[in-house]
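User: I would like to go through the labels on this structure and see what supports each one. Please keep it brisk.

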Amino acid sequence: MRIGEVADKAGVSVRALRYYEEQDLLPADRSPGGQRHYPDTAVGRVRLIQQLYAAGLPSRVVRDVLPCVDSGEAHPALLDQLESERARIDQRITDLLDVRDRLDDVIAITRDPDADCSPML
């Protein structure tokens with residue numbers, strides 16, 4: 001499959017596919033003219049990469065996870081790394097919930113300027 005076809009089917013940009021290749025996440029063969037050619041499995045691979053990025057994993061972790069997805073086996077160091085990433089994401093969620101609560105306070109006070117501002121402190 002050529003790069004444009006993979007991009008269309010996976011719902012990503014051609015630029016994203018080039019980035020994935022740069023990061024060693026998505027291998028491509030080259031034609032004698034230099035055009036990229038991907039296997040039929042590339043669309044599923046791109047969707048998986050997108051899901052891993054959406055989960056908040058950086059490229060270096062995604063690069064470590066993909067071989068384990070392919071083999072169905074993960075080594076203990078990777079599991080530790082993934083648990084660490086999960087803890088980081090949990091902390092971000094907690095922080096975002098705190099920010100949302102403060103924003104709710106600001107919205108409430110803006111709607112009722114006579115309200116007590118002490119919860120914001």
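**Labels and their grounds**

Analyst: Start at Gly11, just after α1: its phi is positive, about 75°. Bear in mind that the model is predicted.

User: What makes Ile3, Val6, Ala7 and Ala10 of helix α1 count as buried?

Analyst: Buried means under 20% relative accessible area. Ile3, Val6, Ala7 and Ala10, in the helix spanning residues 3-10, are buried by that cut-off. Their arc around the axis is only 100°, so they sit on the same side of α1. The cover over the buried residues of α1 includes α2 (14-22), β2 (36-37) and α3.

User: Why is α3 called oblique to α4?

Analyst: The axes of α3 (residues 42-54) and α4 (residues 59-71) come within 10 Å and cross at roughly 130°. Roughly perpendicular ends at 115 degrees, and roughly antiparallel needs over 145. The crossing angle fits neither class, so α3 is oblique to α4. The crossing is right-handed. On the α3 side, the contact is made by Arg45, Leu48, Ile49, Leu52 and Tyr53. On the α4 side, Ser59, Val62, Val65, Leu66, Val69 and Asp70 make it. By class, this α3 contact with α4 has 8 nonpolar, 1 polar and 2 charged residues.

User: Why does Gln81 count as partly exposed?

Analyst: Its relative accessibility is 22%. Buried requires under 20% and exposed over 50%, so Gln81 falls in between and counts as partly exposed. Gln81 lies in helix α5 (residues 76-111).

User: Which residues does Gln81 contact, leaving aside neighbours within four places in sequence?

Analyst: Arg60, Val61 and Asp64. As for Ser31, 50 residues apart from Gln81 along the chain, the two C-alpha atoms are separated by 37 Å.

Conventions. Residues are numbered from 1 along each chain as its sequence is written. This is a predicted model: local features need pLDDT of at least 70, side-chain atom pairs count only at pLDDT 80 or more; totals for chains, interfaces and linings use all residues. Side-chain values use heavy atoms; hydrogens and water are left out. Axes are lines fitted to C-alpha atoms, for helices over the stretch in contact, and angles run from 0 to 180 degrees between N-to-C directions. Helices (H or I, at least four residues) and strands (E, at least two) are DSSP runs, numbered from the N terminus. Angles under 35 degrees count as roughly parallel, over 145 as roughly antiparallel, 65 to 115 as roughly perpendicular and the rest as oblique. A crossing is left-handed if the near helix is turned anticlockwise from the far one by less than a right angle, and right-handed if clockwise. Contact means heavy atoms within 4.5 Å. Ala, Val, Leu, Ile, Met, Phe, Trp, Tyr, Cys and Pro count as nonpolar, Asp, Glu, Lys and Arg as charged, and the others, Gly among them, as polar. Buried means under 20% relative accessible area, exposed over 50%, partly exposed in between (1.4 Å probe, protein chains only). The arc is that of the directions from the helix axis to the C-beta atoms.
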